[in-house]
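Take a look at the model below. Start with the whole chain, then move to one sheet.

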Amino acid sequence: MNKKNIFLFLLMALPTLLLTSCLKDQEDTFDKPSATRMSEYLANAASVLKAPANGWVLYYYPDKEQSYGGYAFTLKFDDEKVEVGVEDDDDPSLTYTSLYKLISDDGPVLTFDTYNKAMHAFATPSAGAYEALGGDFEFIIIDASAEKVELKGKRSGNLMTMYPLQTSGEEFRATVTSIIEDMTFTAYTLSLGGEDVKVGVGTRNFTFTYGEEEPVTAAYAFTPEGIKFYEPVEINGKTISGFKYQEGAVSYQSLDDASIVLNGIVPPLSEMLIGDLWATSLSNIGTFGAPYWTAVKEQVMGPVLGGETLEYFYFGDGGNGFGAYFRSSGYAGVLGFDAKVVSDDEVTLSYNAKGNKSNGDWYVANAYFHYLIVPFGCDTKAEPVERTFKLSGNHPKSPSVLTLTDEANPDNVIRLLDSDVDPFNE
């Protein structure tokens, strides 16, 4: 073979030699098959999850936009089961047990694959929310160590972190729940180095509006230290990642800069009543008003209205005037009221038919719906009656229940709630 042919042969053989060398380098780098490496990774993750004596706290953010804010979940793992609790539950001492798995699914995944009331609360479809609330029950494991476990929601894409608990899960949940109750107000302002910033309040979300800047929204969770944002935000060049808790306070310094202060606002109870919309039901009407509500339930809804269902009953300002808002089998109406503020915790109410909207007049004239407002300020002939009520709330800063007690009739008590209830069955 001449020199020219030998040279061409070597050029043709070179790619094969290089490929063989690269493959050998790869084999040296990964000396175990990928399945074996994944199995070992999941086994290590299982050991990490089970190790802490008190379990973990997971700061859980449903929905890819973090629309519902964050929640502190406590998790305690054994070989097969996980015990889950959540702060601000109806009973923070409760936990819910289900199964979990560590699997390979395009990466290491922690999945809560049987129903858990706490862990699946934001992931379970319901009427009107067939896609649920964007919550996760499967998480890609980004990193797992004794100090923390970093996760990514498979559905939401949100980054979430678990930290080992230094106290029992019940003690942790009780601590955070008490902080929630103490730091929650109906309204806030922000002082940014002496300058005022408007604060919009959503579900564990703040929206800050400063001057001509675009509004900035921050989702947050409550921690034993106070409020921690999902991620820091910047306002007028200053970074804010949350606020420090101080027991009994109404103002809270930023975690980042003591000159940045979140101020809670406590409106008078009379303003809360008049400026918002509250639900009520037969079980929340006192002994004076209950017979009138019972009469509508038993003698009107079926016999007169042919089996209509009273879907809701609200009292307050729903954007169409102040009064009682109702919907019966799709037919909505408003029964108008006048309200006079007597003091911060006193208000005088009386029915004002001129404020009736939509189907309000028809249901008064044909279906005795004025009986539902007798305890508020009406008589059985749909004539106005002035009733002055003393107001009290179930929370000094952010009440979810307002109790109205008629100053002239202690049997006339009305409880108004900030959450929906079935008017006749709850």
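The paragraphs below go from overall dimensions to strand pairing.

This is a predicted model, in which local features need pLDDT of at least 70, side-chain atom pairs count only at pLDDT 80 or more, and totals for chains, interfaces and linings use all residues. Residues are numbered from 1 along each chain as its sequence is written, and side-chain values use heavy atoms, without hydrogens or water.

The protein chain holds seven helices and 26 strands. Both are DSSP runs numbered from the N terminus: helices are H or I with at least four residues, strands E with at least two. The radius of gyration, taken over C-alpha atoms, is 30 Å. The globule rule (2.2 Å times the number of residues to the power 0.38) gives 22 Å for 426 residues, so the chain is more spread out than a compact globule. Its C-alpha trace spans about 120 × 55 × 50 Å along the principal axes.

Now the sheet. It is open, with eight strands in the order β15-β14-β13-β12-β11-β10-β17-β16 and antiparallel pairing. Two strands pair if DSSP finds at least two bridges between them. β15 (238-244) and β16 (251-253) are the edges; each has a single partner strand, so one side of each lacks a neighbour in the sheet. Neighbouring strands are turned by 25 degrees on average, direction ignored. Axes here are lines fitted to C-alpha atoms, for helices over the stretch in contact, and angles run from 0 to 180 degrees between N-to-C directions.

Four bridges join β13 (residues 216-223) to the antiparallel β14 (residues 226-235). F222 stands opposite I227 in β14. Helix α3 (residues 169-183) packs on this sheet, touching β10 (187-192), β13, β14, β15 and β16. Contact means heavy atoms within 4.5 Å. The direction of α3 makes about 135 degrees with that of β13.
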